[in-house]
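Q: Got a minute to walk through this one with me? Let's put it up.

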Amino acid sequence: MNFTRNFSARINRFKKMNRTDWLNFLVNNAIYIVMALLIGIVILREPTFLSVRTLINVLSQSSVKLILAFGVGGIIILQGTDLSLGRSVGFAMVISASLSQADTYASRFYPELWLTGMPTFIKLLIPLLIAMAVCAIFSMINGYIVAIFKVHPFIVTLGMSVLLYGVLTLYYNSPEQGGQPIGGLSTEYSNFILGRIDSIGPLKFTGGFYIPYLVVYAAIVSIIVWVLWNKTVFGKNMFAVGGNPEAAAVSGVNVVGTFVLVYMMAGILYGLGGFLEAGRIGSANNSSGFNYELDAIAACVVGGISFSGGVGKVSGALAGVLLFTVMSYGMIFANISFEYQNIIKGFIIVFAVALDTRKYLKKT
Amino acid sequence: MKKLLSVMLVLTMVLAIVGCSSDKGSGTTTDQQGTKEIVIGANIYNFGDNFMNGVVSPALKEYADAAGVKINIVDSENQQNKLNDQVDIFIGQGVDILAINLVDPASASTIIQKAKEANIPLILFNKEATEEGAMAMYDKVWYVGTASADAGIIQGDMMVADWKANAKWDKNGDGKVQYVLLKGEPGHPDAEARTEYSVKAFDDAGIPVEELAMQPDPNWSTDGGNDKMATWLASFGDRIELVICNNDGMAFGAINAMKEQGVSIPVYGVDALEQALNHIADGEMNGTVLNDGKNQAKAVIDLSLNVANGKDPIEGTSWTLDDVKAVRVPYVAVTPDNFADFK
């Protein structure tokens with residue numbers, strides 16, 4: 001009911017629009033229009049793009065990116081950014097992979113792993129917890145320094161990314177034989193991440209459709225993040241501090257505490273993302289995760305999480321990530337050359353940031 | 001409070017730096033017997049490169065230890081300007097030999113000039129100077145590496161032989177090879193040469209080919225290989241008959257994507273990393289080409305020792321120098337028949 005009423009109200013609003021309104025509408029939704037055009041072009045070139053397989057691939061390729069976008073999204077809401085995301089995720093990937101190799105695999109990171117022989121549940125949980133803890137600690141340090149010393153997060157997280165790469169490479173190169181890509185992951189671990197749901201109860205999916213576990217994990221994380229952002233004191237404080245730190249401090253919000261918590265949450269999500277990504281890719285090395293921050297930050301901004309702080313929605317991050325994945329997937333699908341892929345991607349990011357600033361100018 | 005924190009931070013950092021550097025005195029040192037210890041100033045163009053960081057770098061250290069020389073290896077982070085600064089520092093430290101892995105093969109002359117001015121012998125390795133006449137600028141510069149084209153030729157020959165032996169690989173029976181190719185960094189001499197020569201092998205054998213898709217990846221990355229292969233499996237499906245990868249890392253991603261979809265298409269890489277040998281053992285990969293990092297490292301150390309002792313660079317070794325003062329360590333085909341020899 002509510003939906004139909006909303007919908008007819010919208011239709012009415014459309015009818016009443018004059019030329020400037022239309023122009024505004026076009027500009028405000030330009031990003032979606034560009035994306036729709038792009039998808040249209042891909043479909044024209046390759047009609048097979050419209051398939052169940054595309055849907056499943058796009059959703060599963062988006063899953064980890066979404067989890068990472070939620071992490072950095074919180075930091076962007078605090079008027080920040082996180083350039084250490086990629087290395088952090090890379091570290092989590094290397095940690096998870098090194099602790100999850102099959103004990104039958106020939107070249108293991110730990111020839112004698114103490115986890116061998118433990119129940120599956122423990123074998124999965126311990127690497128996940130260690131990855132999350134390590135990322136959370138480094139991210140909390142970022143948060144502390146940003147909050148207490150009032151240094152711009154750009155430079156703090158830039159420094160942290162360099163530091164993390166050093167620590168990560170030290171760990172990666174530590175085995176006797178030197179740093180080798182860590183593959184041969186255990187079947188329990190791979191199945192936990194690459195598994196799929198073929199049926200729900202008596203209902204069996206047909207037409208090649210299935211739900212990858214990764215999508216389920218991303219959905220669960222989305223719900224948790226939605227509740228945290230919208231229904232908790234933590235979320236309210238985050239938006240208050242992000243919108244206006246001075247006002248938030250005056251009204252009794254613990255600003256430093258909020259910073260540290262938001263960064264810690266980002267770290268936990270990077271840890272989880274890295275744990276899942278290593279399983280998704282099937283191996284990890286010290287350049288894993290490189291540049292992941294760019295996609296995550298771009299997706300957030302395209303999804304309307306504003307760099308000026310205090311504004312952002314879970315659905316926005318979801319839209320941003322999906323649009324980016326559809327775009328890169330579609331361009332490779334349609335065999336568009338590498339150079340044009342970069343031009344189009346770059347154009348959309350610049351465009352989105354320009355629009356973002358425009359919305360902000362209107363607000364003040 | 002804030003000041004106290006800053007002071008403590010600075011103190012921790014100073015202590016950390018002192019702690020880290022205490023065991024790594026650099027520059028020319030003298031051991032207890034009074035004989036001069038040879039010091040090599042070396043770099044790896046990027047520690048993020050699986051092959052250079054995982055194979056060549058440990059081998060350099062191992063052979064240097066065995067020969068009783070000291071080697072300092074730094075990370076140039078894939079930036080040529082960083083490498084230039086690092087060479088200045090090495091020269092300032094007074095190292096005996098420079099062993100340099102160029103970031104940008106077109107920037108060799110700058111490095112050669114620096115070495116020449118300081119009169120320090122220079123051994124370039126793994127990435128060959130592309131400038132005409134650069135190697136002739138200085139009498140004490142040599143190169144250790146491979147012939148870039150060889151990896152592509154060997155990979156191509158391997159694929160042609162397997163293709164001829166397996167009639168059912170031609171799934172649609174049109175006599176043509178429908179392939180996809182994961183290229184690596186555009187403009188990289190290895191990426192370009194491997195792409196050209198691996199496909200050329202089919203032409204030379206008179207087998208027609210059809211390129212379904214080819215995508216570069218500046219990072220040669222496993223995740224890029226995975227996502228691209230997943231996309232191609234959706235867009236071309238059964239039409240893909242062969243997956244050519246210009247390094248093993250991207251091949252690992254492609255294998256992972258195929259496993260996820262439950263398909264198996266012949267796939268070939270280059271580098272012969274341990275993981276590749278394991279994939280071959282499991283029947284998931286059809287071949288790779290050993291980029292013989294260990295012997296490249298050995299040649300670097302052998303040449304350094306000779307030069308530092310004032311001998312001819314290849315004296316007493318099995319290496320030979322070609323007309324551009326280069327030692328070419330051969331590539332080796334690694335197949336399901338012989339992979340166990342490389343473990």
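What follows is a short chat about this model.

Q: Before we start, what am I looking at, and what are the ground rules?
A: This is a predicted model, in which local features need pLDDT of at least 70, side-chain atom pairs count only at pLDDT 80 or more, and totals for chains, interfaces and linings use all residues. Residues are numbered from 1 along each chain as its sequence is written, chains are lettered from A and ligands numbered from 1 in the order in which they are written, and side-chain values use heavy atoms, with hydrogens and water left out.

Q: Start with chain B. What does its secondary structure come to?
A: Chain B has ten helices and twelve strands. Those are DSSP runs, numbered from the N terminus: helices are H or I with at least four residues, strands are E with at least two.

Q: What box do its C-alpha atoms fill, and what share of chain B is buried?
A: The box is roughly 70 × 65 × 35 Å along the principal axes. Of the 343 residues in chain B, 54% are buried. Buried means under 20% relative accessible area, exposed means over 50%, and partly exposed is in between, with a 1.4 Å probe and protein chains only.

Q: Take strand β1 of chain B. How many of its residues are buried?
A: Six of six, over residues 39-44. Both faces are covered. Val39(B), Gly41(B) and Asn43(B) sit on one side, with Ile40(B), Ala42(B) and Ile44(B) on the other.

Q: Which strand does β1(B) join, and in what sense?
A: It runs parallel to β2 (residues 70-75) of chain B, with six bridges between them. For strands to pair, DSSP must find at least two bridges between them. Ile44(B) stands opposite Asp75(B) in β2(B).

Q: And the four-stranded open sheet in chain B, what's its order?
A: The order is β7-β6-β8-β9, with parallel pairing. β7 (209-215) and β9 (267-268) are at the edges. Each has a single partner strand, so one side of each lacks a neighbour in the sheet.

Q: How many bridges pair β8 with β9 there?
A: Two, in the parallel sense; β8 covers residues 242-245 of chain B. Val243(B) is opposite Val267(B) in β9(B).

Q: Switching topic. How many disulfides?
A: Zero over all chains. A disulfide here is a pair of cysteine sulfur atoms within 2.5 Å.

Q: Why is Cys135(A) not bonded?
A: Its sulfur is 17 Å from the closest cysteine sulfur, in Cys300(A), so the gap is too far for a bond. Cys300(A) is in no disulfide either.

Q: Are those two buried or exposed?
A: Cys135(A) is buried, at 1% relative accessible area. Cys300(A) is buried as well, at 0%.

Q: Now aromatics. How many pairs?
A: There are 16 over all chains. Rings of Phe, Tyr and Trp (its six-membered ring) pair if their centres lie within 6.5 Å; planes under 30 degrees apart are stacked, over 60 edge-to-face, the rest tilted.

Q: What's the geometry of Phe91(A) with Phe138(A)?
A: Tilted, at 6.4 Å centre to centre and 50° between the planes. The pair links distant parts of the chain: Phe91(A) is in α5 (residues 85-98) and Phe138(A) in α6 of chain A, 47 residues apart. Phe91(A) is buried at 7%, and Phe138(A) is buried at 16%.

Q: And Phe91(A) with Tyr171(A)?
A: Tilted too, at 6.2 Å and 55°. Tyr171(A) is in α7 (residues 153-172) of chain A, 80 residues from Phe91(A). Tyr171(A) is buried.

Q: Which residues form the cluster with Phe91(A)?
A: Phe109(A), Tyr110(A), Phe138(A) and Tyr171(A) join Phe91(A) in one aromatic cluster.

Q: Where does Gly267(A) lie?
A: In helix α12 of chain A. Gly267(A) is buried, at 0%. Between Gly267(A) and Leu66(A) there are 14 Å, C-alpha to C-alpha, and they are 201 residues apart in sequence.

Q: Last topic: what is the volume of the second largest pocket?
A: About 790 Å³. A volume is the space filled by probe spheres set on the grid points, which are joined across faces, edges and corners. On a 1 Å grid over the protein atoms alone, a pocket is an open set with protein on both sides within 12 Å along at least five of seven lines; a cavity is a set of points where a 1.4 Å probe fits but cannot get out, and lining residues have an atom within 4 Å of a point.

Q: Which residues are closest to its centre?
A: Gly184(A), Leu185(A), Ser186(A), Thr187(A) and Ser190(A), of 44 lining residues. Elements giving two or more residues include α6 (120-149) and α8 (187-194) of chain A, and α9 (274-281) of chain B.
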